[in-house]
Amino acid sequence: MKYPNLALTSFCRTAVALGLCGILVAGCGKKSGEQAAISNSQVVAHVGDQVITAQEFENELRLLNIPPDKQKEPEVVKRVLNEMVTRKYLLAQALGAKLDREPNVLLDILRSREQVLANALLSRTVAKKLSAISKADIDKYIADNPLKFAGRKLMTVDQIAFPLGANAQSIIESAKDANSLEDVDQKLTAMGIPHGRSTGTLNSSEIPDELISSMRAKKPDDVFFVRSGQNGVFLKVKSEEVRPLEGEAAVNTARQLMRNDFLKAEAGMVSVSANLEAKYEGVYSKIMTSDEGQKN
């Protein structure tokens, strides 16, 4: 079985806990009197002493990647506002219970703040690089990656997915020599691992190069393993069809893929710089400077 070591997830997971940031702001002394000073024209909704401003609502739409032409649709507005109202209600309940004073909660708030600021800095740095690329750069990227554009393929796959847990590696190892999905199914069943089998579609423009290379060299019975979010997926390609990506769609996809490449490269450089500056103490110094620690 082909067993590439990869993860189908982006480096920067933008799980931005805006609710926690709201707790941080509220915990720093924001009073209902200050909220009342907000112009009514800026307020979308009141939830007890909490308010949802137009700016917050617009930012929520941005974070949810809702297209501008959909943002005024009643169903979209209702769904998003319902979610925000629930969050504000829970925020008020949490503050009333003084959860913002608990040590573990405070640490979670600080961690969320770090993530928001770190992601913002990386995004700004990458945005500057993207603004400097020319049409020639984009055309070259498209030409250099035919399987993502002119030779793009849509592949129908048979797949078995299971949730990744603490025993994920042992599960993967036990099934890595399987010659068919039937074998994988039997092994997972014997191990008592919950899993589901289905048919799906893969787009070669969205697949990591390592997996594409493995699939190009595939044999009829090859089974592949990939990580997809919180799941592990064993899959087998059933059929494929060439679907070229051209014109404006190709340009937009190229810019997004280039952004991902810039983000990955920038994150790698930042990680190296951070570790050069870091000074570890006690047992952590030994772990982080040993070969075993570096591998981890």
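# Exercises on helix packing and burial

Of the contacts in the chain between residues at least 6 apart in sequence, 74% join residues at least 24 apart, where contact means heavy atoms within 4.5 Å. The model is predicted, so local features need pLDDT of at least 70 and side-chain atom pairs count only at pLDDT 80 or more, while totals for chains, interfaces and linings use all residues. Residues are numbered from 1 along each chain as its sequence is written, and side-chain values use heavy atoms, with hydrogens and water left out.

**Exercise 1.** State how many helices and strands the chain has, and what percentage of its residues count as buried.

*Solution.* Step 1: the chain has twelve helices and six strands; helices (H or I, at least four residues) and strands (E, at least two) are DSSP runs, numbered from the N terminus. Step 2: 29% of the 296 residues count as buried. Buried means under 20% relative accessible area, exposed over 50%, and partly exposed in between (1.4 Å probe, protein chains only).

**Exercise 2.** Describe how α3 packs against α4, then place Val 80 in the structure.

*Solution.* Step 1: the axes of α3 (residues 54-63) and α4 (residues 74-96) are 11 Å apart, at an angle of about 115°. Axes are lines fitted to C-alpha atoms, for helices over the stretch in contact, and angles run from 0 to 180 degrees between N-to-C directions. Step 2: this makes the two helices roughly perpendicular, as angles under 35 degrees count as roughly parallel, over 145 as roughly antiparallel, 65 to 115 as roughly perpendicular and the rest as oblique. Step 3: α3 contributes Glu 56, Phe 57, Glu 60 and Leu 61 to the contact, and α4 contributes Val 76, Val 77, Val 80, Leu 81, Met 84, Arg 87 and Lys 88. Step 4: by class, the contact of α3 with α4 holds seven nonpolar, no polar and four charged residues. Ala, Val, Leu, Ile, Met, Phe, Trp, Tyr, Cys and Pro count as nonpolar, Asp, Glu, Lys and Arg as charged, and the others, Gly among them, as polar. Step 5: Val 80 lies in α4 and counts as buried because its relative accessibility is 0%. Step 6: not counting residues up to four places away in sequence, Val 80 touches Phe 57, Glu 60, Leu 61, Leu 64 and Ile 66. Val 80 and Phe 57 are 23 residues apart in sequence, with their C-alpha atoms 8.1 Å apart.

**Exercise 3.** Identify the residues with the most contacts inside the largest nonpolar core, and describe the packing of α6 and α10.

*Solution.* Step 1: the core has 14 residues, and Ile 138, Tyr 141, Ile 142, Phe 149, Ala 254 and Met 258 have the most contacts inside it. A nonpolar core is a set of buried Ala, Val, Leu, Ile, Met, Phe, Trp, Tyr and Cys residues joined through side-chain atoms within 4.5 Å. Step 2: α5 (103-131), α6 (135-144) and α10 (247-277) each give two or more residues to this core, and the largest share, five residues, comes from α10. Step 3: α6 and α10 pack at about 90° with axes 10 Å apart, and are therefore roughly perpendicular.

**Exercise 4.** Say whether Asn 65 is buried or exposed, and give its phi.

*Solution.* Step 1: Asn 65 is found in the loop between α3 and α4. Step 2: Asn 65 counts as exposed because its relative accessibility is 66%. Step 3: phi of Asn 65 is near 55°, a positive value in a residue other than glycine.
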